[in-house]
Amino acid sequence: MKTKITQSPTIAARFIEHGDVVAFPTETVYGLGANVFNEDAIRKIFAAKGRPTDNPLIAHIAELSQLDQLVQEIPPAAQKLIEAFFPGPLTLVLPKHKTISLLATAGLQTIGVRMPSHPIARQFLRACGVPLVAPSANLSGRPSPTTWQAVRDDLFGRIACILQGDQTKVGLESTVVDCTGRVPQILRAGGVTLEQLRTVLPETEIADAQDASAPKSPGQKYRHYAPQAKVVLTHFPQFTVPANESAYIGLHEPPQPAMFDKVMICRDAEQYAHALFQFFRECDELGVKTIFCQAVGEEGMGLALMDRLRRAAHG
Ligand code: TXA
Ligand code: MG
């Protein structure tokens, strides 16, 4: 398949109209979008990514008025989160509208909904005129793409179009909050922090990831975010002497920085999150065998960052 690479949201939207899939930038990571009302187009997402079909997709909207097409009702807690955090890096899991295909929701009666804040994403969604279901635009199992070049590396020849933008701001995916239960539950930590959610809804909880009997967020059971290199979490001050062909990313300078093929020191957890997936991809290109990642405190963006680091380390 020929892949069109463009900076024009209106050209990209034409591919959606024709029932094709388009990769586009958001403030979290690049997404791979299809018309939520076109089952054939949704099938193309799973095929292009090699994604298991039991992993549900997030629907993206440009306007709040589009919510009625996607969900059956908006509980009061969800309404408060919408007012506080839309548009932004937050996905709300809500009861789905009966017309929404079970292909999009992987058989669930709920649907994840998010309104990106990225200007190009919004122009593109507006030009499409319909909500788009979109997972991250990577091959399944690879780190989510934070640049259009990363999308191209994974999906060139497999998708109809890539809408170009800059490197994404947040660098990790949106926070997924289940709003269908007694209290809001974080299914996946992400760009909106637990502390921020609790300023609006103090009762917000982190879902128990150990409850494997009924994984609420099916995607969380898959290996994710992993580079080809082995990822090792390091806790200062203990530090193993690096193996050959290794790299390091963290908040503090490692001992013997010259031992590493590639080193990145980040100012804070936000910058670490912003850089991580791109760092993983660059390490793979260099043929690095082991990536040492400094563990961080789990406050603020540290919660989402540690979630991704653990998944990359333990697979
Ligand atoms: O930031 C993001 O969320 C990006 C951009 C493109 O918007 N998208 C993204 O999609 O990360 P994806 O498909 O890679 O991850 C979606 C996550 C998965 O863990 C999935 O299981 C969960 O959201 N999810 C989606 N719909 C759900 C639902 N109805 N109930 C529970 N979890 C759901
Ligand atoms: Mg993904």
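## A first walk through the model

The residues that line the largest cavity divide into six nonpolar, four polar and no charged. Welcome to this structure, which is a predicted model. That cavity is a good place to begin, and from there we can visit a network of charged side chains, a helix and a few loops.

### The cavity

How many cavities of 30 Å³ or more are there? The count comes to one. The volume of the largest cavity is about 40 Å³. To find this cavity in the viewer, look for its lining residues: Thr175, Ile186, Ala189, Gly190, Val192, Thr193, Leu194, Gly300, Leu303 and Ala304.

### A network of salt bridges

No charged residue lines the largest cavity, but charged side chains do pair up elsewhere. Side chains of opposite charge can pair when their charged atoms come close. The structure holds 15 salt bridges, and three of them are set out here.

| Pair | Closest N to O distance |
|---|---|
| Asp154 and Arg142 | 3.3 Å |
| Asp284 and Arg142 | 3.7 Å |
| Asp154 and Arg281 | 3.0 Å |

Take the pair Asp154 and Arg142 to start with, joined by a salt bridge. Asp154 belongs to helix α6 (residues 148–155), while Arg142 sits in the loop between β7 (132–133) and α6, so this pair ties together parts that are twelve residues apart in sequence. Is Asp154 buried or exposed? With a relative accessibility of 6%, Asp154 counts as buried, because the cut-off for buried is under 20%.

Arg142 also forms a salt bridge with Asp284. Here the partner comes from helix α8 (residues 269–286), so the pair ties the loop between β7 and α6 to a part of the chain that is 142 residues away in sequence. Asp284 is buried too, at a relative accessible area of 16%.

The salt bridge between Asp154 and Arg281 links distant parts of the chain, with Asp154 in helix α6 and Arg281 in helix α8, 127 residues apart. Arg281 is another buried residue, with 4% relative accessibility. Which residues do these shared partners bring together? Arg142, Asp154, Arg281 and Asp284 are joined into one network by salt bridges that share partners.

### Helix α2 and its ends

Helix α2 spans residues 39–49, and its buried residues are Ala41, Ile42, Ile45, Phe46, Ala48 and Lys49. An α-helix has 3.6 residues a turn, so residues three or four places apart point the same way. What covers the buried residues of α2? The cover includes β3 (31–35), β7 and α6. Helix α6 is also where Asp154 of the salt-bridge network lies.

Both ends of α2 are worth a look. At the N-terminal end, Asn38 acts as a cap, with a side-chain oxygen 3.1 Å from the backbone nitrogen of Asp40. After the helix comes Gly50, which has a positive phi, near 70°.

### A buried threonine and an exposed glutamate

Thr28 is found in the loop between β2 (22–24) and β3. This residue is buried, its relative accessible area being 3%. Its side chain makes a polar contact, at 2.9 Å, with the side chain of Thr26. Which residues does Thr28 touch once its neighbours within four places in sequence are left aside? They are Pro89, Arg114, Thr168, Val170, Gly171, Leu172, Glu173 and Ser174.

Glu17, in helix α1 (residues 9–17), is by contrast exposed, at 59% relative accessibility. Between the C-alpha atoms of Glu17 and Arg43 there are 15 Å, and the two residues are 26 places apart along the chain.

### Backbone details in the loops

Finally, three loops hold backbone details to look out for. In the loop between α4 (76–85) and β5 (90–95) you will find Pro87. A cis peptide bond joins Phe86 to Pro87, with omega at about -5°.

Ala106 lies in the loop between β5 and β6 (110–114). Its phi is near 55°, a positive value in a residue other than glycine, and Ala106 is partly exposed, with a relative accessible area of 22%.

Gln256, in the loop between β13 (246–250) and β14 (262–265), also has a positive phi without being a glycine, near 50°. Gln256 counts as partly exposed, at 45% relative accessibility.

Definitions and conventions:
Residues numbered from 1 in each chain as written. Chains lettered and ligands numbered in written order. Predicted model: local features only at pLDDT ≥ 70, side-chain atom pairs only at ≥ 80, totals over all residues. Heavy atoms only, no water. Salt bridge = Lys/Arg side-chain N within 4 Å of Asp/Glu carboxyl O. Helix = DSSP H or I, 4+ residues; strand = E, 2+ residues; numbered from the N terminus. Buried < 20%, exposed > 50% of the residue type's maximum accessible area, 1.4 Å probe, protein only. Contact = heavy atoms within 4.5 Å. Polar contact = N/O pair within 3.5 Å; in protein donor to acceptor, adjacent residues only side chain to side chain. 1 Å grid on protein atoms, 1.4 Å probe; cavity = no way out; pocket = protein on both sides within 12 Å on 5 of 7 lines; lining within 4 Å. Points joined across faces, edges and corners; volume = space filled by probe spheres on them. Nonpolar A, V, L, I, M, F, W, Y, C, P; charged D, E, K, R; others polar.
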